[in-house]
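Reader: I would like a close look at a single part of this model, namely the surroundings of one bound ligand. Please set that part in the context of the whole chain, and take the account step by step.

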Amino acid sequence: MKLIMAIVSSDDAREALDRLTRAGFRATVISTTGGFLREGNTTIFVGTEDQRVLQAIEALSQTCRRRTQWVSPLPTLEGPGLEMSEPIEVSVGGAVVFVMNVEQYVQI
Ligand code: 2BA
Ligand code: 2BA
């Protein structure tokens, strides 16, 4: 048994979830915030058998697009004053996926 933790763009979350549940996966969704952009994203947890992990990742890759975004990084505390940084282009999304071993899965 594995637990998949997938951080996805909130714009892609509904479609990803639809695809996962239609394929018979069970899932739990929470609203999260990215530490770097400080913007909302969505984290999907899927507990599934080892042999279905690739299928779940496939469902995520079919529904979560990678896109670029311009952001102004937070001011740094270095230097004489608060230094405002130039906007930078970052690549966001697709899905950031962690797969963890599950020691025990109990339904009461
Ligand atoms: P954020 O932390 O808001 O990051 C958004 C995007 O900004 C990242 O996209 C990456 O392209 C860029 N970025 C993040 N930290 C950076 C840094 N220290 N320097 C330069 N660029 C940076 P993704 O890599 O696709 O990540 C999307 C979201 O997935 C992240 O949102 C965060 O919520 C989560 N995430 C990504 N890697 C993670 C990790 N190793 N542990 C926990 N959460 C992670
Ligand atoms: P929900 O996803 O809203 O599911 C509510 C109930 O609907 C489930 O109760 C189950 O009886 C049924 N159900 C859900 N997905 C199904 C599917 N693909 N096929 C057939 N029946 C399905 P519980 O099993 O007691 O789960 C309660 C909540 O626990 C779920 O709410 C979900 O948030 C979470 N959960 C359960 N199993 C999970 C797993 N393997 N991975 C991630 N989250 C899980």
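Author: What follows begins with the chain as a whole, then turns to the surroundings of ligand 2, and afterwards to a neighbouring topic in strand β3, the nonpolar core and ligand 1.

The model is a predicted one, and its secondary structure amounts to 2 helices and 6 strands, which come in the order β-α-β-β-α-β-β-β when the chain is read along its sequence. Of the 108 residues in the chain, 26% are buried, while the chain as a whole exposes about 7600 Å², of which 53% is supplied by carbon and sulfur atoms. Among contacts with a separation of 6 or more, 67% are between residues 24 or more positions apart.

The part in question is the shell of ligand 2, which is made up of G24, F25, R26, A27, T28, F45, V46, G47, Y105 and Q107. By class, these residues are 5 nonpolar, 4 polar and 1 charged. Three polar approaches can be described one by one, and they involve both side chains and the backbone. In the side chain of T28, an N or O atom is 2.8 Å from an oxygen atom of ligand 2, and at Q107 a polar side-chain atom lies 2.7 Å from an oxygen atom of the ligand. At G47, by contrast, a backbone N or O atom is placed 2.8 Å from a nitrogen atom of ligand 2. Taken alone, ligand 2 exposes 740 Å², and the protein buries 45% of that area. Two elements, β2 (27-33) and β3 (40-48), each give two or more residues to this shell, and β3 accounts for the largest share of it, with 3 residues.

Strand β3 deserves to be followed further, and T48, which is found in this strand, is a useful place to start. With a relative accessible area of 3%, T48 counts as buried because that value falls under the 20% limit for burial. Leaving aside neighbours within four places in sequence, T48 is in contact with M1, K2, I4, F25 and V53, and F25 is also one of the residues that surround ligand 2. The pairing of T48 with K2 joins positions 46 residues apart in sequence, whose C-alpha atoms are 5.5 Å apart in space. The side chain of T48 is also joined to that of E49 by a polar contact of 3.2 Å.

The same strand takes part in the largest nonpolar core, to which β1 (2-8), α1 (10-22), β3 and α2 (53-63) each supply at least two residues. This core has 14 residues, and those with the most contacts inside it are V8, L20, I44, V46 and L60; of these, V46 is also listed in the shell around ligand 2. The element that gives the most to the core is α2, with 4 residues. V8 offers a closer view of the packing, since residues up to four places away in sequence can be set aside and V8 still touches A13, N41, T42, I44, L60, C64, G94 and A95.

N41 leads from there to ligand 1, as it is among the residues that come nearest to that ligand, together with F36, L37, R66 and S91, out of 13 residues around it. The shell of ligand 1 consists of 7 nonpolar, 5 polar and 1 charged residues. Here, too, the polar approaches involve the backbone as well as a side chain. A polar backbone atom of S91 is 2.4 Å from an oxygen atom of ligand 1, a polar backbone atom of F36 is 2.9 Å from an oxygen atom of the ligand, and an N or O atom in the side chain of R66 is 3.1 Å from an oxygen atom of the ligand. Taken alone, ligand 1 exposes 750 Å², of which the protein buries 54%. At least two residues of this shell come from each of β5 (88-93) and β6 (95-101), and β5 gives the most, with 4 residues.

Notes:
Residues numbered from 1 in each chain as written. Chains lettered and ligands numbered in written order. Predicted model: local features only at pLDDT ≥ 70, side-chain atom pairs only at ≥ 80, totals over all residues. Heavy atoms only, no water. Near = heavy atom within 4 Å. Polar contact = N/O pair within 3.5 Å; in protein donor to acceptor, adjacent residues only side chain to side chain. Areas by Shrake-Rupley, 256 points an atom, 1.4 Å probe, with all protein chains shown as cover. Nonpolar A, V, L, I, M, F, W, Y, C, P; charged D, E, K, R; others polar. Core = buried A, V, L, I, M, F, W, Y, C linked by side-chain atoms within 4.5 Å. Buried < 20%, exposed > 50% of the residue type's maximum accessible area, 1.4 Å probe, protein only. Contact = heavy atoms within 4.5 Å.
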